[in-house]
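Colleague: Please take a close look at one part of this protein, the residues that the database record marks as a binding site. I would like a connected account of where they sit and what they touch.

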Amino acid sequence: MNIHEYQAKGLLKEFGVPVPQGGLAVTPQEARAVAESLPGPVWVVKAQIHAGGRGKGGGVKVCKSPDAVEEAARAILGMQLVTHQTGPEGKKVHKVWVEQGTDIARELYLSVVLDRAAACLTVMASPDGGMDIEAVAEKTPERIFTTRLDGCLRVWPYQAQSLFFGCGLTQAQVGEGVKLLQGLVELAAAKDATLVEINPLAVTGDGHLVALDAKMNFDESGLKRNPDIAALEDPEEGDPLERKGQEMGVNYVRLDGYVGTMVNGAGLAMATMDAIKQAGALPANFLDAGGGASEETVAAGFSIMLSDPRVRGILINIFGGILRCDIVAQGVVNAARKVNLQLPLVVRLEGTNVEEGRRILRESGLKFETAASMAEAAQRIAGLTKEVRS
């Protein structure tokens, strides 16, 4: 789960990390009032969306008067902000964060990230703050310093000192950095974070460290342990189809392709998506109906999938165990009739009650194709969706 910058800065402050003073606004007038309550003479107005690259897209404005803050907020609020992380459709801005300006002497990068390959949290630091860390890794990987945390989920002072000395900080600044990083690690461990990123971490004109921007991601499986983090979720930022899937108890993740998929079991779902790509098409979603899904759940998932305007065809790949093939078939028939399905449909059923499931589909009057294997099903739907596209 992602959160907004202003929420992330609230957490940083809670764990002892210095951040600029600021306030949230949802109208231009509120933005002006926030600016007037903060020290000047410079303020920064920042669009609050779950995406990076906001400044390049026009979502960050530096202002030198409360009047300018109000005008900047008026321009940003309601805009469809497009960045390299939003895709061409962009995201609508519903709120802005107004904060006092900072006298910046240097910009660093600092993060605590879950290293899934090493199964531990890892700290990353770089003297090249303000840039995408991916670009730094590609062009100058030697300027990224890392250290893995031990099983106690803490960073030792010598580890932090090595990172910050590598970034060229003074002895006094390294001392500040050690305390700051210990707060970041404590936050990540306590709140089940998969990413706690400060970019940039600024060295101010008077030599102190302050977090100018913050990005955080959290393990959704840990939200039950952290209700305060779960409460930070912004429903306006999520994909509406994914929200609908959550409400209906369906594991649905929207992707960028055009072949809708419905599968039972996460492993089979990933294998099905691989097969679709190998056949020359692109999956539109990950949809796991689950091992114990009911007919209603299957029908709900099918309806969600068909609500995606990018979907040109659907592949259903079910291996019946706990979830019987006849239940899947009846759910597909009900959903297809309800939405008046006109898209190409390929069905591959195997397992429990497969013959009954095939009979239900065969006698439904629906127009569909069947396949004996996952590879054959993927090839068929790839060909059918290519015909639709052309």
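Modeller: For "binding site", an unreviewed UniProt entry lists Asn199 and Asp213. The model is predicted, and what follows describes the surroundings of these two residues in it.

Asn199 belongs to strand β10, which covers residues 193-204. Its relative accessibility is 16%, so Asn199 counts as buried, the cut-off for that class being under 20%. Beyond the four places on either side in sequence, Asn199 is in contact with Leu108, Tyr109, Gly129, Gly130, Met131 and Asp213. One of these neighbours, Gly130, offers its backbone nitrogen, which the side chain of Asn199 reaches at 2.7 Å. The list of contacts also includes the other annotated residue, Asp213.

Asp213 is placed in the loop between β11 (209-211) and β12 (214-218). With a relative accessible area of 18%, Asp213 is buried too. Residues up to four places away in sequence aside, Asp213 touches Glu5, Lys9, Lys46, Arg54, Glu197, Ile198, Asn199 and Pro200. Among them, Glu197, Ile198, Asn199 and Pro200 fall within the range of strand β10, residues 193-204. Arg54 is joined to Asp213 by a polar contact of 3.1 Å between the side chains.

That leads to Arg54, which is found in the loop between β2 (43-47) and β3 (60-63). Arg54 has a relative accessible area of 8% and is buried. Its contacts, leaving out neighbours within four places in sequence, are Glu5, Lys46, Ala47, Gln48, Ile49, Gly59, Val60, Leu81, Thr83 and Asp213. Glu5 and Lys46 appear in this list and also among the residues that Asp213 touches.

The domain division adds some context. Domain 1 consists of 1-20 + 103-237, and domain 2 of 21-101. Asn199 and Asp213, the annotated pair, therefore fall in domain 1, while Arg54 falls in domain 2, by the bounds of an automatic or database assignment. The 3.1 Å polar contact between the side chains of Asp213 and Arg54 thus links a residue of domain 1 to one of domain 2 under those bounds.

To sum up the part in question, Asn199 touches Asp213, and the side chain of Asp213 makes a polar contact with that of Arg54. Asn199 is buried, as are Asp213 and Arg54.

Key: Residues are numbered from 1 along each chain as its sequence is written. This is a predicted model: local features need pLDDT of at least 70, side-chain atom pairs count only at pLDDT 80 or more; totals for chains, interfaces and linings use all residues. Side-chain values use heavy atoms; hydrogens and water are left out. Helices (H or I, at least four residues) and strands (E, at least two) are DSSP runs, numbered from the N terminus. Buried means under 20% relative accessible area, exposed over 50%, partly exposed in between (1.4 Å probe, protein chains only). Contact means heavy atoms within 4.5 Å. UniProt positions are given in the numbering used here, feature names are shortened, and annotations may be inferred rather than shown by experiment. A polar contact is a pair of N or O atoms within 3.5 Å; within protein, one must be able to donate a hydrogen and the other to accept it, and residues adjacent in sequence count only if both atoms are side-chain atoms.
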